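Colleague: Please put the model up, and then we can go through its interior.

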Amino acid sequence: MSSIKSKQQLLNSTSRRLKYLRKNKNLSQKAVAARCKMDFGSYTNIENGKRNITFLTLQKILKALNVGFKDFFNFKGF
């Protein structure tokens with residue numbers, strides 16, 4: 001598997017997981033972006049797998065979703 005393909009798969013897995021968690025909390029993308037004090041477009045790009053996410057940004061998003069890192073990374077099939 002190429003490095004580019006594996007990076008995109010990781011972005012896609014991360015974005016699907018964020019979307020799943022957000023929807024489980026019945027929150028809109030705008031609501032999560034506002035809670036993170038993040039631009040809506042930036043959040044949308046993260047959730048759509050179009051933007052790489054830093055560890056610190058992920059921390060902000062998870063805090064807004066009230067989800068810990070352990071729970072976030074404990075997923076399969078995303």
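The turns below deal with the core, a helix and a cavity.

Modeller: This is a predicted model, in which local features need pLDDT of at least 70 and side-chain atom pairs count only at pLDDT 80 or more, while totals for chains, interfaces and linings use all residues. Residues are numbered from 1 along each chain as its sequence is written, and side-chain values use heavy atoms, with hydrogens and water left out.

Colleague: Which element gives the largest share of the largest nonpolar core?

Modeller: A nonpolar core is a set of buried Ala, Val, Leu, Ile, Met, Phe, Trp, Tyr and Cys residues joined through side-chain atoms within 4.5 Å. The largest one has 17 residues, and L18, V32, Y43, I61, L65 and F72 have the most contacts inside it. Two or more residues come from each of helix 1, helix 2 (29-35), helix 3 (40-47) and helix 4 (55-65), where helices are DSSP runs (H or I, at least four residues) numbered from the N terminus. The largest share, five residues, is given by helix 4.

Colleague: Is E47 buried or exposed?

Modeller: E47 lies in helix 3. Buried means under 20% relative accessible area, exposed over 50% and partly exposed in between, with a 1.4 Å probe and protein chains only. Because its relative accessibility is 3%, E47 counts as buried.

Colleague: With which side chains does the side chain of E47 make a polar contact?

Modeller: Leaving aside neighbours within four places in sequence, E47 is in contact (heavy atoms within 4.5 Å) with S15, L18, K19, R22 and Q29. A polar contact is a pair of N or O atoms within 3.5 Å; within protein, one must be able to donate a hydrogen and the other to accept it, and residues adjacent in sequence count only if both atoms are side-chain atoms. By that rule the side chain of E47 is joined at 2.6 Å to that of Y43, and at 2.8 Å to that of Q29.

Colleague: Which element gives the most to the lining of the largest cavity?

Modeller: A cavity is a set of points on a 1 Å grid over the protein atoms alone where a 1.4 Å probe fits but cannot get out, and lining residues have an atom within 4 Å of a point. The largest cavity is lined by L11, T14, S15, L18, I46, R51 and I53, and its volume is about 30 Å³, taken as the space filled by probe spheres set on points joined across faces, edges and corners. Four residues of the lining come from the element that gives the most, helix 1 (residues 3-24).

How values were computed: On a 1 Å grid over the protein atoms alone, a cavity is a set of points where a 1.4 Å probe fits but cannot get out, and a pocket is an open set with protein on both sides within 12 Å along at least five of seven lines; lining residues have an atom within 4 Å of a point.
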